[in-house]
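Got your viewer open? Let's take a walk through this model, one selection at a time.

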Amino acid sequence: MDCIFCKIIEGSIPSKKVFENDTVVAFHDITPQAPVHILVIPKKHIATMNDAEGEDFALIGEIHRAAQQIARELGIAESGYRLINNCGKDSGQVVFHIHYHLLGGKQLGALVGPTA
């Protein structure tokens, strides 16, 4: 498998981790879009949200629980943060391993601009 996130999970590609347990890992995004920009991913490879099924939904809950804990630990829980999952190429998903962007540390602008 040629998945960059799977390689981060196995340790063959370095990352700046902020959280890890048996099922979830979180690390700093290499191209941050906010002062705090963490990627939260399952250790199980699931390509997109559309591919999640059965027991994967409990795993997605674990991702949300981890994101909440990370937001508290990084000091952005009280001021606010975004937890975003992009699904498919039109959403902007580039790495096809389900992941959430945890963004915060400043007042964030609109998610999308006006459409023409």
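Before the first stop, a bit of vocabulary: a residue is called buried when its relative accessible area is under 20%, and a salt bridge is a side-chain nitrogen of Lys or Arg within 4 Å of a carboxyl oxygen of Asp or Glu. Keep in mind as you click around that this is a predicted model.

**Stop 1: aspartate 29**

Select aspartate 29, in the loop between strand 2 (24-28) and strand 3 (36-42). Here's a puzzle for you: which side chain of opposite charge is nearest to this buried residue? The answer is lysine 16, but that is 13 Å away, and aspartate 29 has no salt bridge. What does the side chain of aspartate 29 reach instead? Show the backbone of threonine 31 and look for its nitrogen, at 2.7 Å from the aspartate side chain.

Now bring up the residues around aspartate 29. Skipping neighbours within four places in sequence, you'll find it in contact with His37, Ile38, Leu39 and His101. Hold on to that last name for the next stop.

**Stop 2: histidine 101**

Jump to histidine 101, which sits in strand 5 (residues 100-104). Is histidine 101 buried or exposed? Its relative accessible area is 14%, so it counts as buried. Display the side chain of histidine 37 too, and you'll see a polar contact of 2.7 Å between the two histidine side chains.

Histidine 101 has plenty of other company. Leaving out residues up to four places away in sequence, it touches Asp29, Ile38 and Leu39, and also Arg82, Leu83, Ile84 and Asn86, among others. For one more distance, pick the C-alpha atoms of histidine 101 and histidine 28: they are 9.6 Å apart, although the two residues are 73 residues apart along the chain.

**Stop 3: the largest pocket**

Switch on a surface view for this one. Rolling a probe the size of a water molecule over the atoms shows where empty space is left. The largest pocket here has a volume of about 380 Å³. Its lining is made up of 19 residues, and you can find the centre by selecting Phe5, Asp29, Ile30, Leu39 and Val95, which lie nearest to it. Yes, that's our aspartate from the opening stop, back again as part of the lining!

Which elements give two or more residues to the lining? Colour helix 1 (4-10) and strand 2 to see them. Helix 1 provides the largest share, with three residues.

**Stop 4: the salt bridges**

Side chains of opposite charge can pair when their charged atoms come close. How many salt bridges are there in this model? The count is six.

Start with glutamate 20. Its side chain meets lysine 17 at 3.2 Å, N to O, and it also forms a salt bridge with lysine 43, at 2.9 Å between the closest N and O atoms. That second pair links distant parts of the chain: glutamate 20 is in strand 1 (residues 17-20), while lysine 43 is 23 residues away, in the loop between strand 3 and helix 2 (56-73).

Check how open each partner is. Glutamate 20 is partly exposed at 41% relative accessibility, lysine 17 is partly exposed at 36%, and lysine 43 is partly exposed at 26%. Select Lys17, Glu20 and Lys43 together, and you have one network joined by salt bridges that share partners.

Finish at aspartate 90 and lysine 89, whose salt bridge has its closest N and O atoms 3.4 Å apart. Both of these residues are exposed.

Conventions: Residues numbered from 1 in each chain as written. Predicted model: local features only at pLDDT ≥ 70, side-chain atom pairs only at ≥ 80, totals over all residues. Heavy atoms only, no water. Helix = DSSP H or I, 4+ residues; strand = E, 2+ residues; numbered from the N terminus. Buried < 20%, exposed > 50% of the residue type's maximum accessible area, 1.4 Å probe, protein only. Lys, Arg positive; Asp, Glu negative; His and termini not counted. Polar contact = N/O pair within 3.5 Å; in protein donor to acceptor, adjacent residues only side chain to side chain. Contact = heavy atoms within 4.5 Å. 1 Å grid on protein atoms, 1.4 Å probe; cavity = no way out; pocket = protein on both sides within 12 Å on 5 of 7 lines; lining within 4 Å. Points joined across faces, edges and corners; volume = space filled by probe spheres on them.
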